[in-house]
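Visitor: I should like to learn how to read the features of a model such as this one. Please take me through them in order.

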Amino acid sequence: MYYFNEKEIVVPGQLLADDPKKSGPGTYVLGGKVYAAQAGLPKLRDGVVVVIPLKGPYKPEAGDWIVGVVTDVKPSSIEVDLGGYLTAVLKYPERQGPPQGLTVGDVIYARVKSSNIRGIFLESEEMKKLTNGIIISMTPARIPRLIGRKGSMIALLKKETGCNFWVGRNGLIVVSGKSSEGEFAAISAIRVVEKEAHSQGLTDRVAALLKSAKGRNHDDREQGDKAN
Amino acid sequence: MMTESKEIKLIDEEGRRVDGRRPDELRPIRIEAGVLEKSDGSAYIEVGRTKIFAAVFGPREVHPKHLELPDRAVLNCRYHMASFSVDERKPLGMTRREIELSKVLREALETVVFLEEFPRTMIDVFVEVIQADGGTRTAGITAASLALADAGIPMSDLIAATAVGKVAGTLVLDINDIEDKYGEADMPVAMTPRRNSIVLLQLNGRMTSEELKKALEMASQGIKKIYQLQIEALKKRYSVVSLEE
Amino acid sequence: MSLSTKSPKTSPIKIMQNRIYELLKQGKRIDGRAPHEVRPVSISTSVIEKADGSAMVSMGGTKILTGIKVETGTPYSDRPNEGVFTVNAELLPLASASFEPGPPDERAVELARIVDRCIRESRAIDLEKLVITEGEKVYMLYIDIYVLDYDGNYFDPAVLSAVAALATCKIPRYEMRNGKLERVEGESMKTPIRTIPVSVMIGVIQDRLLVDPSPMEERALDTSVILGYDSDSNIVSIQKNTPGLLSLNMMEQIIELGSKKAEELRSILVEAVGLGS
């Protein structure tokens, strides 16, 4: 027996199911029953109840792509800030010097190699130094929605704005385009995704927003010309 | 104190309290989640004229590092009052009372947060009283647990709280500042309603054991109502997120 | 959520530093504002009943609460015919991950002193009207400022909230009766205000200026300066509050810009507190 509706938000302590075997991520078992451990949307996924959080901290896992800021360069390792709360480490052979000449303040896009009691370590092989763009942050819990099913949302954003996106699971995103208009349109679309992460028809609304933004930027430019 | 309590009529002939409430009536309560932008979770509560902000940061790296725990997160809590929140201006800095309340609040919150999910990190809870008119610790913990839930920190339940007092020989729910000053007893109670258990309990003053039992029952009834308001506030916070057009 | 204020280490992010300047040259900013545009301001007064005066001010995402408590006391011996006021500020840890609990640090003390200077040097409060008995008893105003939410530039909203709280403060009246100081029940008076000071924070990046910086911009600035102005556009206080060079050639531009923005902020303040000038 289940006690939730997939469209309604649940809160910590809310009863979700009475079979303890159905307890998935975002839930807990008490007295043989399953309760929500976080505020979020309840779902039945692979036979267990999960709560998809709408907000919450980033928990690094091997294989995650992250965006980070270099905060320290040591003789054989580099410290990378993952958005204020977590620091990851990128190791390199001392005799080769820091990969891609990284220095403090650089932004990188990299994959998590491992995350455990020893710390968070990044892969150096696929690491990319980002040299241009605007960096923004959003709650890590909503990053999956920004990426979209099989990358559909980010593909839409790329298509409509002509910008490149580096999306970190840790909640940092770098947007880089040819014009600041395109970047601003992309950022406002990202803000819509963040705000309305789990609403119906989100993709359509983002597409409509970007189309109208294109028109508006065009108008701005014309007015600007007149003013000059 | 005894002479003063005779001057102020805490319960009138009709059984009403100084602010017109019945003995088992809560003050008007307003609760909102997600009111501050820069914290990871936040809440605001008004209970009568008591006004409090709560905010949560983390889980974040522990500073200083030697305080970190290998098997769970460290929960920090600071209860603090603005200088102008009380009748007589409170000097800057933490008083002994604020230090004690920070401790009991932290211990109450620890009972519902799944700290073991975030070893070697720290979760900070800040409770800022901007106006104190009685029941600040109970309103503060109510807001703090909501701020934790707003931050997406895994927890078994929200915590709701209120105080029961004894004024002019009568047990009264959710006592205000005047009742606290001139009454005979003040008993703050915080509970996790899901488990029907107490997570904070203090008593200042005197009650008979019969009165104590009745006072706990009254508190538990009041807490159920506050709990509903908390749940509504949290759901409202997120419905804005998911339905706003 | 903010990237910049959460970072424990505050060295600038290189790509943003370049970008902020590039955008400024195009007359733009990362949050979509024009270089000389302040964020929306909202002011509500008398929000704390237990304070004699109070105001909550938000400027964009930055939120400040000021409360004033009035007490009576002895004047300073060198100013026997003047009332007393003091300004305190706290950067509450709930306002930002970069603020820590504990006694006010140098940033908080600087904020308090900048607000104090704006009010004191503009002679905004007619202190001579705050005397009960010359040389013996005067009103003492404790102006306490709390930063509740820090999203860049807490200076300008702090001055706005302190002045809004002052302008709407009800000072409880006291009288000397038979050599004893007594409260005149039910009577209060308005703060005697002579001018309405406001401050404007201006950031400098190379040859460009911006006002009311966001945290990300604060980190990218070469330097910044906070100017206080009275109602007659006199400059009443200045604080260059970050390291870095401030070119002498830019001062004229800075003073003009500040004066224009001060007027804008003052009109918002005047409207909110209902002060006709």
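**Reading chain A, the C–B interface and one residue**

Guide: In chain A, buried residues, meaning those under 20% relative accessible area with a 1.4 Å probe and protein chains only (over 50% is exposed, in between partly exposed), make up 51% of the 228 residues. This is a predicted model, in which local features need pLDDT of at least 70 and side-chain atom pairs count only at pLDDT 80 or more, while totals for chains, interfaces and linings use all residues. Residues are numbered from 1 along each chain as its sequence is written, chains are lettered from A and ligands numbered from 1 in the order in which they are written, and side-chain values use heavy atoms, with hydrogens and water left out.

Visitor: How many helices and strands are there in chain A?

Guide: Helices (H or I, at least four residues) and strands (E, at least two) are DSSP runs, numbered from the N terminus. Chain A has four helices and 14 strands, and its C-alpha atoms fill a box of roughly 65 × 55 × 25 Å along the principal axes.

Visitor: What area is buried between chain C and chain B?

Guide: The size of an interface is often given as the accessible area lost when the parts come together. Here that loss, found with a 1.4 Å probe and summed over both parts, is about 2,800 Å², and carbon and sulfur atoms give 58% of it. C:Lys50, C:Lys69 and C:Leu94 supply 26% of the area that chain C buries against chain B, more than any other three residues. The contact (heavy atoms within 4.5 Å) takes 34 residues from chain C and 31 residues from chain B.

Visitor: How many salt bridges are counted between chain C and chain B?

Guide: A salt bridge places a side-chain nitrogen of Lys or Arg within 4 Å of a carboxyl oxygen of Asp or Glu. The count between these chains is six. In one of them, C:Lys50 pairs with B:Asp87, the closest N and O atoms being 3.6 Å apart. On the side of chain C that touches chain B, the largest share, six residues, comes from E3(C).

Visitor: Is B:Met207 buried or exposed?

Guide: B:Met207 counts as buried because its relative accessibility is 17%. This residue is found in the loop between strand E10 (204-205) and helix H5 (209-243) of chain B. Not counting residues up to four places away in sequence, B:Met207 touches B:Val164, B:Lys166, B:Leu171, B:Ala185, B:Met187, B:Leu212 and B:Ala215.

Key:
Buried area = accessible area lost by both parts, 1.4 Å probe.
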